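Biologist: I should be grateful for a close look at a single part of this model, namely the second largest pocket. Which residues line the second largest pocket?

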Amino acid sequence: MALRNAVMAALLEGEASGYDLAKAFDATVANFWMSTPQQLYRELERMEAEGLVTARVVEQERRPNKRLFSLTEAGREAVRAYTAEPPGRPAVIRDELLVKVQCVDAGDIEAVRRAITERMEWATAKLARYERLRQRLLAGRSEEAYFAEAERIGPYLTLLRGMSFERENLQWGDMALRRLDQRTAALASTAGSSADHCRERD
């Protein structure tokens with residue numbers, strides 16, 4: 001998927017400056033597509049040159065003027081065309097933490113354990129942020145009412161997928177830590193038994 005498709009998805013929320021879009025990008029589509037602010041700015045320039053977005057200048061006192069971007073009709077047509085295309089192959093996991101876990105039996109168990117714990121803390125923080133966004137989207141409504149009344153339901157559906165992903169990260173992390181603790185205890189017990197056996201022979 002091209003970055004511009006994620007940018008167009010974010011701009012469906014309404015016009016935004018590059019700075020605001022970078023922040024909104026983190027809150028709206030970051031659970032399924034990551035990008036740096038620099039990449040966003042470059043893509044906005046290309047999209048403007050191609051007529052997919054338009055920009056208007058807003059003058060500000062004591063601050064630099066800012067440009068607000070919005071989708072053009074050509075941009076909205078590009079969104080329609082994009083959604084009509086079959087999606088690409090499902091994403092594959094490329095996660096360095098899992099490579100470390102794969103090596104844990106020959107590596108530093110405690111270091112890997114700390115890395116898993118940090119990942120769980122990260123997932124917990126993201127879940128809290130997603131939950132705050134979910135409550136803002138619901139605005140006091142039940143989910144059923146939201147799906148029946150909201151102008152757009154796509155952002156909520158993708159948010160639920162992001163929340164599900166982070167919950168699974170926490171479940172896996174909890175299981176992995178328990179198994180590593182069991183392995184550490186078993187290794188310590190085996191080492192202790194070997195030492196006792198050696199002393200008995202001496």
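Modeller: A pocket is here an open set of grid points where a 1.4 Å probe fits, with protein on both sides within 12 Å along at least five of seven lines, and a residue belongs to the lining if it has an atom within 4 Å of a point. The model is predicted, and the values that follow are computed from it.

The second largest pocket has a volume of about 220 Å³. Its lining begins in sequence with Ser17, Gly18, Tyr19 and Asp20. Tyr41 and Gln60 also take part, and the list is completed by Arg63, Pro64, Asn65, Lys66, Arg67 and Phe69. Two elements of secondary structure, α2 (18-28) and β3 (66-71), each contribute at least two residues to this lining. In chemical character, the lining of the second largest pocket comprises four nonpolar, four polar and four charged residues.

The strand β3 also leads to a further position. Thr72 is placed in the loop between β3 and α4 (73-84). Thr72 counts as buried because its relative accessibility is 18%, the limit for this class being under 20%. Leaving aside residues up to four places away in sequence, Thr72 is in contact with Gly51, Leu52, Val53 and Thr54.

A second buried residue may be set beside Thr72. Asn169 belongs to helix α8, which covers residues 154-201. With a relative accessible area of 15%, Asn169 is likewise buried. The side chain of Asn169 forms a polar contact with that of Glu166, at 3.2 Å.

Key
Residues numbered from 1 in each chain as written. Predicted model: local features only at pLDDT ≥ 70, side-chain atom pairs only at ≥ 80, totals over all residues. Heavy atoms only, no water. 1 Å grid on protein atoms, 1.4 Å probe; cavity = no way out; pocket = protein on both sides within 12 Å on 5 of 7 lines; lining within 4 Å. Points joined across faces, edges and corners; volume = space filled by probe spheres on them. Helix = DSSP H or I, 4+ residues; strand = E, 2+ residues; numbered from the N terminus. Nonpolar A, V, L, I, M, F, W, Y, C, P; charged D, E, K, R; others polar. Buried < 20%, exposed > 50% of the residue type's maximum accessible area, 1.4 Å probe, protein only. Contact = heavy atoms within 4.5 Å. Polar contact = N/O pair within 3.5 Å; in protein donor to acceptor, adjacent residues only side chain to side chain.
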